[in-house]
Amino acid sequence: MAAAPKDREGTVKAVSFGELCGLYLATTQGKPETTADEASSFSGQPSTTQPNTDQPSWKPSRAHRSLGDRSWEQSELGSGLHRDTLRSTDGAVLYVTHVDCTARKANGMAEDLLSVSFDQFASLRDDEIVPTVIDIFERLGICQGLGVTKEAITRMVGNGLSLYHKQPAYHTHRHAFDVFQATYFLLVATELRDTASHLEVFCLLIAALLHDVGHPGLTNDFHIREATPFAKFASFKQNSSDVNTCAHPNEVWHGDITRRLLLSDDGLLPSSHFSEETRAKVDRLVQQLISATDPSTQPDFLKSLDARLRQGDCLATDSTAPDDRLLILSLVMRCADVFHPLRPFHLHKKWALLFTKEISRQLMLEYARRKVPVKDPYGNLGASTIDFLNFHVIPLFRYFVKVFPDKSFTSTVLLRLNAKVDIWKSYDMMRETRATARDCVTR
């Protein structure tokens with residue numbers, strides 16, 4: 001491996017975000033501007049700055065135990081993410097991971113997939129996810145309806161899932177499948193599959209599967225605040241000829257990877273086999289549905305949905321008006337993305353803990369970068385989850401119930417969510433009681 005670049009004193013040179021972003025953008029455009037020696041500096045070499053002896057108020061995770069004396073761009077997590085980024089955007093064709101499509105399927109899977117209580121952790125191994133996804137596509141008749149071969153969609157699904165990073169705790173291929181299964185369930189439970197076209201169902205399922213592809217486990221606010229390569233890339237795309245419906249770094253990144261998987265020469269819908277009209281329709285709708293998963297856009301979306309529901313005619317799920325179709329599909333996409341609170345509490349709690357773990361890693365990066373005081377994110381897990389349910393999930397599903405009334409599933413949605421709020425209230429009370437008891441014993 002080539003030596004890292006040195007400054008005048010002969011010490012290891014710190015690589016700035018600007019330099020890293022220059023390498024990244026040059027790679028995506030096929031115009032290398034950085035040497036191999038410079039690129040090797042992303043290997044996580046220690047910073048020359050003196051470590052801060054102040055420790056955060058809670059114990060760091062193992063992956064971030066040594067981040068106190070490193071800058072973000074030199075951290076093990078940061079360098080690993082951007083190595084993956086460079087690999088996955090080197091040219092028009094994304095790298096391929098072999099997928100064993102002959103892997104067995106779990107018994108009784110067809111019925112379980114149409115259940116709110118579906119537990120993928122107990123039911124599916126990693127090598128069973130791709131065959132299960134393909135089975136759902138086949139059962140809905142998507143491949144035949146669009147003229148896509150089973151081999152082509154299997155390759156695309158395998159490639160897409162392989163591009164989910166391993167570093168994040170929450171935004172992984174498992175989250176992608178959770179949202180995909182929830183989308184399938186909602187299509188059937190609301191009978192939307194009977195009124196939606198093959199193209200709409202296809203776009204909805206593809207967006208569900210790839211809506212977080214390449215997610216680095218960092219929030220949009222962090223990207224913008226720290227001027228990460230993801231923020232630079234979003235700015236570059238917004239200023240280029242490429243049209244994207246969302247300006248936020250994560251969603252721009254997910255959308256760009258998905259576009260390559262679908263429309264490149266080796267993608268699912270190559271120009272040699274599909275008309276430009278079909279390709280454009282698919283690209284536009286998939287990008288819109290991926291953008292719909294951006295939490296910051298939910299208030300505006302709910303305002304638009306509320307205004308539409310207040311009009312004289314009802315918002316029929318079989319409406320052919322383009323704006324109505326997009327509202328309905330976006331609502332399903334948003335609900336599927338936050339579906340886990342409707343599942344049994346042990347599954348919902350697992351996802352809440354994974355999300356908190358991912359946030360805790362970002363907090364440690366911010367501590368390493370700016371020495372920002374860090375509080376234990378697990379200390380108020382119940383209260384923070386209640387806020388998430390009350391301000392994000394419940395308002396969304398209130399409108400879901402209005403759009404899809406008189407369905408057996410929708411009649412219990414709000415009851416399920418309110419029950420989770422009550423459980424989380426008890427959860428924090430029990431944590432406080434146990435902590436008090438431990439203090440009494442140790443005195």
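This is a short chat about the annotated binding site, the pockets and one polar contact in a predicted model.

Me: Before we start, what kind of model is this, and how are the residues numbered?
Reply: It is a predicted model, where local features need pLDDT of at least 70, side-chain atom pairs count only at pLDDT 80 or more, and totals for chains, interfaces and linings use all residues. Residues are numbered from 1 along each chain as its sequence is written, and side-chain values use heavy atoms, with hydrogens and water left out.

Me: Great. Which residues does the UniProt annotation "binding site" cover?
Reply: The unreviewed UniProt entry lists His175, His211, Asp212 and Asp337. UniProt positions follow the numbering used here, feature names are shortened, and annotations may be inferred rather than shown by experiment.

Me: Why do they gather at one spot?
Reply: They span 163 residues in sequence, yet no two of their C-alpha atoms are more than 10.0 Å apart, so they gather at one spot.

Me: Take histidine 175. Where does it lie, and is it buried or exposed?
Reply: Histidine 175 lies in helix 9, residues 173–189 (helices are DSSP runs of H or I with at least four residues, strands are E runs of at least two, both numbered from the N terminus). Its relative accessibility is 1%, so histidine 175 counts as buried. Buried means under 20% relative accessible area, exposed over 50%, and partly exposed in between, with a 1.4 Å probe and protein chains only.

Me: What does histidine 175 touch?
Reply: Not counting residues up to four places away in sequence, histidine 175 touches Tyr170, His211, Asp212, Asp337 and Trp351; contact means heavy atoms within 4.5 Å. The side chain of histidine 175 also makes a polar contact of 3.2 Å with the side chain of aspartate 212. A polar contact is a pair of N or O atoms within 3.5 Å; within protein, one must be able to donate a hydrogen and the other to accept it, and residues adjacent in sequence count only if both atoms are side-chain atoms.

Me: And aspartate 337, which helix is that in?
Reply: Aspartate 337 is in helix 16, residues 322–337, and is buried, with a relative accessible area of 13%. The side chain of aspartate 337 makes a polar contact of 3.1 Å with the side chain of histidine 211.

Me: Switching to empty space: which residues line the largest cavity?
Reply: The lining consists of Ala292, Thr293, Asp294, Pro295, Gln298, Arg334, Asp337, Val338, His392 and Leu396. On a 1 Å grid over the protein atoms alone, a cavity is a set of points where a 1.4 Å probe fits but cannot get out, a pocket is an open set with protein on both sides within 12 Å along at least five of seven lines, and lining residues have an atom within 4 Å of a point.

Me: Which helices supply at least two residues of that cavity lining?
Reply: Helix 16 and helix 18 each do, for the largest cavity.

Me: What about the largest pocket, which residues are closest to its centre?
Reply: Of the 36 residues lining the largest pocket, those are Thr219, Pro295, Phe355, Ile359 and Phe388. Helix 17 gives the most to this lining, with seven residues.

Me: Last one: which residues is arginine 225 in contact with?
Reply: Arginine 225, found in helix 11, is in contact with Gln362, Glu366 and Arg370, leaving aside neighbours within four places in sequence. A polar contact of 2.9 Å joins the side chains of arginine 225 and glutamate 366. Arginine 225 is partly exposed, with a relative accessible area of 40%.
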